[in-house]
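Trainee: Please choose a single part of this structure and examine it closely. I should also like to see how other regions of the chain are packed.

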Amino acid sequence: MSEIKVSILVPICNVERYLRECLDSLVNQTLEDIEIICINDGSTDSSLSIIREYERRDSRIVVIDKPNSGYGDSMNKGIELARGEYVGIVESDDFATIDMFEKLYKVAKRDELDIVRSNYYAHRTGYGRDLDILVENLAICGSYGRVFNPMDNPRVFMCQPAIWTSIYKKTLLDSQNVRFLPTPGASFQDTAFYFKAFYAANRVMLLKEGYLHYRVDNANSSVKNQNKLFCVCDEYAEVWNYAKRDDAKFETLKTWIPRQQFEGYLWNLNRLSPELQERFYPRYVEEFSKIREAGLIDVDRFDERTLTRLNRMIDEPEKYYRGQYGPSSPARSVIACVNTLEVSKAKEDLASLLECLADDDEVFVVAPASEGIVFELKNEREGMGRLRNDADLIGQRLVGQVDKTALRSNNVAVVVIADEACSYEALASVCDGDAKMWSDGTSFAVQCKDVAGSKMGSLLGLATEALVDLDGAQVSSLPPNWGLLLSAEAADQQEEFGDSIACAKQLAEVLFDSSASYGIKKALYGQLKGVWARIRHSYSLLSWDIASRLYEDYVSMANVSALETPVAVDDAQSLQLSVVVPVYNVGDYLEECLASIAAQDYGDYEVILVNDGSTDNSLELLEAAANKDGRIRVVSQFNCGAGAARNRGIAMARGCRLIFIDPDDRYATNHVFSDLVSAMDRSGAKICGGSLALLKPSGKIKSNFDFGESFYRITSERDVSLREIWTDYGWIRFMYSAELFEDGSVRFPQLNWYEDPVFFLSAVSKAGGCHVVPVDVYHYRVGYKEIDWTVPKARDMLVGMGINLKLADELGLGELYVTIVRRFNFDYREALQKNIVDSGVYEQLVAIQAGLNHELIRAYSSFDGPYYRLEPLSKSSSRRMFAIERVARRVAESRAYTGTQRLIDHLKGRR
């Protein structure tokens, strides 16, 4: 390596989630003459293995692996090891623009600088970097693009330290002993380092541009660790000691340091938990009393408001504390949700609400902009000390996940203020305990039960637990979307998504298992469906790695309790047939479907209608049908997909046989049930089916198919052995023996696409084949809706196809195997190519390609080449090579490895 221009220090401790993004931004820097010193501070996750992986790939990476000793000690070890002309710092959960160090180094060399510093971008996880906002932290200095001595512009010491926006001359750091305090914790250890560096420097420059993307997620949660309580005091003690090294510099800075220290202490005080605030505040007051006595408070350094605050704190410490931070032992905890309001409207509403609340209440403000709302109110108005932001209280915003330990009272009320004007007195009356609930249809308040003893872990759960005990009139007065008002989008909380699933399951259970009437349960169910819809949508946006890891938890929502419509159901001990119908928003076709069931000439059946969270009039139509026919049972669940709805129907079924129909389709004749029951009795088969036809929008029936779809038309009665199965389509024209479902192995997977073929192959392989008869069974409606090939659909389709390919391979079903393989290159090629940029789609395709059985393909098709290629991968560029090689390593020493290596060779142009 040539002479190292910049040594980049990367302190690392349990940051596996962000580490690759950070390191990718460094190894690809346009300035190549760098070293990247990764200091692993005793990580217990996979951080070390990730660093080692990058170390093997890039000789510029140096790894320090040590037991956990804290941020300061880690950084000092990195500085000692650094060989570069300059030293830069990148936190391991942040990332740099690709030209950051080239730009900084060029400026530093051109002007012979000790330090060059830039602004930075604020980044939120889950949002594109193009949305990051430039934070002009340096604007107060007024010195962009000019070389200056920090003593000539002391305002530079007032800036946020942000030590990762700069590069520092290594000789400066060494000769002036600019190091970090090695005390435990990483909360403030940039404070003294920043001061020392600029104190020691003679030539610095500030740049308006930003190059570092600073991750701001969860930056506002309170510190509850008492070991970090006085770390900031240690830092400023070090600042004062270092400042006294030079008398002239000390004279320049001695009135600037208190201004910086006051803000640092205030920031620390505001981020401490209430219990620790009470311990830190006396130290704060004591130190600034001494500073004022020493005559170091210069009125020119403080604005009038801040100076007034400082003097009030010293002169009336108890009164000031209560005014700013509220009661030490609140009588009530009020959770005020303003998720949907603009900041200015939220501030006005909250101020009005506080006027109606008691002085001994604490009020948590719940909103995405909670910190800003509380900060501005406390700075703009008096008497706002009772307000707290939601950083300590709220976790996953999708459900309003609650950390109940943040509540200092077990007397809790939840308040929701929406856009319209409301009665603050009425809301406050609920908080005061004068009423259990109040709502005007847009805003509402509800008193919660014993919160400390409740199992509910979310605002939604706590509110629902209280609402199920109210009467119908009160519940019907709630806003129809009140669940969404208590929650919010959470694109930056992917890692915490599993918490939203757990809370959603709690919510469903407390609702459906309660002793409330059906009417109240139905009303609350309707009001809460939007919350689960938001969670489902958020799941579809997760990265593939996270979605895969959380899949089992996610689909388990389908196993929670459901809402059964109370109707007079026939009390049959044994039935010959159960008809299972999943229903979701098909009010236009549902009655036709139900009529085709009711018209059957075979009467020994039950109908299980599973409402999968419909938002149209489907549930009302189902209820009406159930009230007319005692054979019909209706159950409602939160929307989990047709597969989950059918699985619930299977679990409820009492019949010896099961048959399925989708709610927008119909049976072909009135003797379908009798035809298939008779054929099953006659043949002894566990699966029996007939012909399927297509029902067009015009009402015409298409029953003639070309050879590729000839399996839909049955021309003679016969047994079909498992080896004769050459397609996994057309499952719904069959009747199934209940024996197939007894051990739970045959069920529908919860997929957005291709769940039916997986079910059918699982069932028919367990049955050892099927029996077919030349009777018309099913009219499948087509042409009234278009398929939108989204990423979730493409991912799920590949999951399903991969399952069936593997099973067909294991069973030696060559005809079926080839049929599925061809779909990649024909039926689904465009859908897959459209979504191939998604890592989940791409990695699954690569894995499927790697595992293809080329011998089986050659044996059962006209293909005679050595290597069957999946066409959606053919246009993949070289930038995807890393993903392919990673999959290849994962399947090394298997048949799949050979297949993947051939794909790598093909994409690289080798033969």
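Mentor: A polar contact is a pair of N or O atoms within 3.5 Å; within protein, one must be able to donate a hydrogen and the other to accept it, and residues adjacent in sequence count only if both atoms are side-chain atoms. This is a predicted model, in which local features need pLDDT of at least 70 and side-chain atom pairs pLDDT 80 or more, while totals for chains, interfaces and linings use all residues. Residues are numbered from 1 along each chain as its sequence is written, and side-chain values use heavy atoms, without hydrogens and water.

The part I choose is Ser43. Its side chain and that of Asn40 are joined by a polar contact of 2.6 Å, and the Ser43 side chain also reaches the backbone nitrogen of Asn14 at 2.9 Å. Ser43 sits in the loop between strand S2 (34-41) and helix H2 (47-57); helices (H or I, at least four residues) and strands (E, at least two) are DSSP runs, numbered from the N terminus. With a relative accessible area of 15%, Ser43 is classed as buried, because buried means under 20% with a 1.4 Å probe on protein chains only. Leaving aside residues up to four places away in sequence, Ser43 touches Ile12, Cys13 and Asn14, contact being heavy atoms within 4.5 Å.

Burial also marks helix H16 (residues 459-467): nine of its nine residues are buried, so this helix is largely enclosed by the rest of the structure. Among the buried residues of H16 are Thr464 and Glu465.

The largest nonpolar core (buried Ala, Val, Leu, Ile, Met, Phe, Trp, Tyr and Cys residues joined through side-chain atoms within 4.5 Å) has 162 residues, and Val579, Ile597, Phe660 and Tyr736 have the most contacts inside it. Beyond four places in sequence, Tyr736 touches residues including Phe660, Trp731 and Phe759, as well as Arg657 and Lys686. Another core, of 108 residues, lies apart from the largest one and includes Cys38 and Trp240.

Finally, the whole structure holds one cavity of 30 Å³ or more, a cavity being a set of points on a 1 Å grid over the protein atoms alone where a 1.4 Å probe fits but cannot get out, with lining residues having an atom within 4 Å of a point. The volume of the largest cavity, the space filled by probe spheres set on the points, is about 40 Å³. Its lining includes Trp532, Met557 and Phe638. Helix H19 (497-512) and helix H20 (518-540) each give two or more residues to that lining, and H20 provides the largest share, four residues.

Notes:
Buried means under 20% relative accessible area, exposed over 50%, partly exposed in between (1.4 Å probe, protein chains only). On a 1 Å grid over the protein atoms alone, a cavity is a set of points where a 1.4 Å probe fits but cannot get out, and a pocket is an open set with protein on both sides within 12 Å along at least five of seven lines; lining residues have an atom within 4 Å of a point.
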